[in-house]
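Reader: I am new to this structure. Please take me through one part of it, the second largest pocket, and what lies around it.

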Amino acid sequence: MLRPVVLWRLTRLWGPAGSAGNGGRREVASGVPPSGSTSPRALNIFDRELKRKQKNWAARQPEPMKFDYLKEEVGSRIADRVYDIARDFPLVLDVGCGRGYIAQHLNKEIVGKIFQTDIAEHALKNSSETDIPTVNILADEEFLPFQENTFDLVVSSLSLHWVNDLPRALEQIHYVLKPDGVFVGAMFGGDTLYELRCSLQLAETEREGGFSPHISPFTAVNDLGHLLGRAGFNTLTVDTDEIQVNYPGMFELMEDLQEKVQNIDIILQTSCITS
């Protein structure tokens, strides 16, 4: 019997903010939009209100830890990258924090205070405890409600791959960073869920004579470097890593992905076959 295998392609981003006069990129307005509003220049691939409801639904599940192993692992890897930077960070921002998957791996020896933002209020209410002074704020990744030059470090884990306007989100992050600040983040990119995507296409082509996209698009790794540069970051590092997850069967795979739907926007079909 073939057992389902899924590869999560993790793209890690790192870059100092650069100088305040770098191409005028720090003149980006920051603030919370009216309810339901979106950036006028963005294609609305994702329904942000639906995303908020999905994340709230996942946060209210009786056993959220059962499906959080991937977020925990990525949060730990981002924290390790922060420890590699030989400096302290008095003020830190976590964009799209979820239940605080990064903060729980940091300590108050290097972080003075951390602001955690997310679009889902229930995710913030269920955030993990940490010894670092923490402030939770309900906010959209594309409209950060902070002043320019506020934070020494901005981190983000598995959140930016489903914003509608990624260039604006990166500009917002650069805007709120101090000129010598650092951004460390991770998002799904490239060929994430390639095996599932191919299986869905093959199954649907065999049964229907054609196929429709069932997995949200992921940003190519090469494009991320250009977007970070346009946002004003310098000395960029963009690398990739793969996390392979094996499942005992199709039903376990579908259950796991259903819990992760707030992050990868999958429309599940019971007729698909993975190999």
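Author: The second largest pocket has a volume of about 200 Å³. A pocket here is an open set of points on a 1 Å grid where a 1.4 Å probe fits, with protein on both sides within 12 Å along at least five of seven lines; lining residues have an atom within 4 Å of a point. The volume is the space filled by probe spheres set on the points.

The model is predicted: local features need pLDDT of at least 70, side-chain atom pairs pLDDT 80 or more, while totals for chains, interfaces and linings use all residues. Numbering runs from 1 along each chain, and side-chain values use heavy atoms, without hydrogens and water.

The pocket is lined by 14 residues. Closest to its centre are Ile45, His161, Val163, Leu166 and Thr219. By class, the lining has 10 nonpolar, 3 polar and 1 charged residues. Helix α4 and strand β6 (177–188) each supply at least two of them. Helices are DSSP runs of H or I, at least four residues; strands are runs of E, at least two.

Now follow α4 (residues 166–176) to α6 (residues 221–231). The two pack at about 45°, axes 9 Å apart. That makes α4 oblique to α6 (not under 35, over 145 or 65 to 115 degrees). Contact (heavy atoms within 4.5 Å) involves Leu166, Pro167, Leu170, Glu171 and His174 of α4. From α6 come Leu224, Leu227, Leu228 and Ala231.

Definitions and conventions: Axes are lines fitted to C-alpha atoms, for helices over the stretch in contact, and angles run from 0 to 180 degrees between N-to-C directions. Ala, Val, Leu, Ile, Met, Phe, Trp, Tyr, Cys and Pro count as nonpolar, Asp, Glu, Lys and Arg as charged, and the others, Gly among them, as polar.
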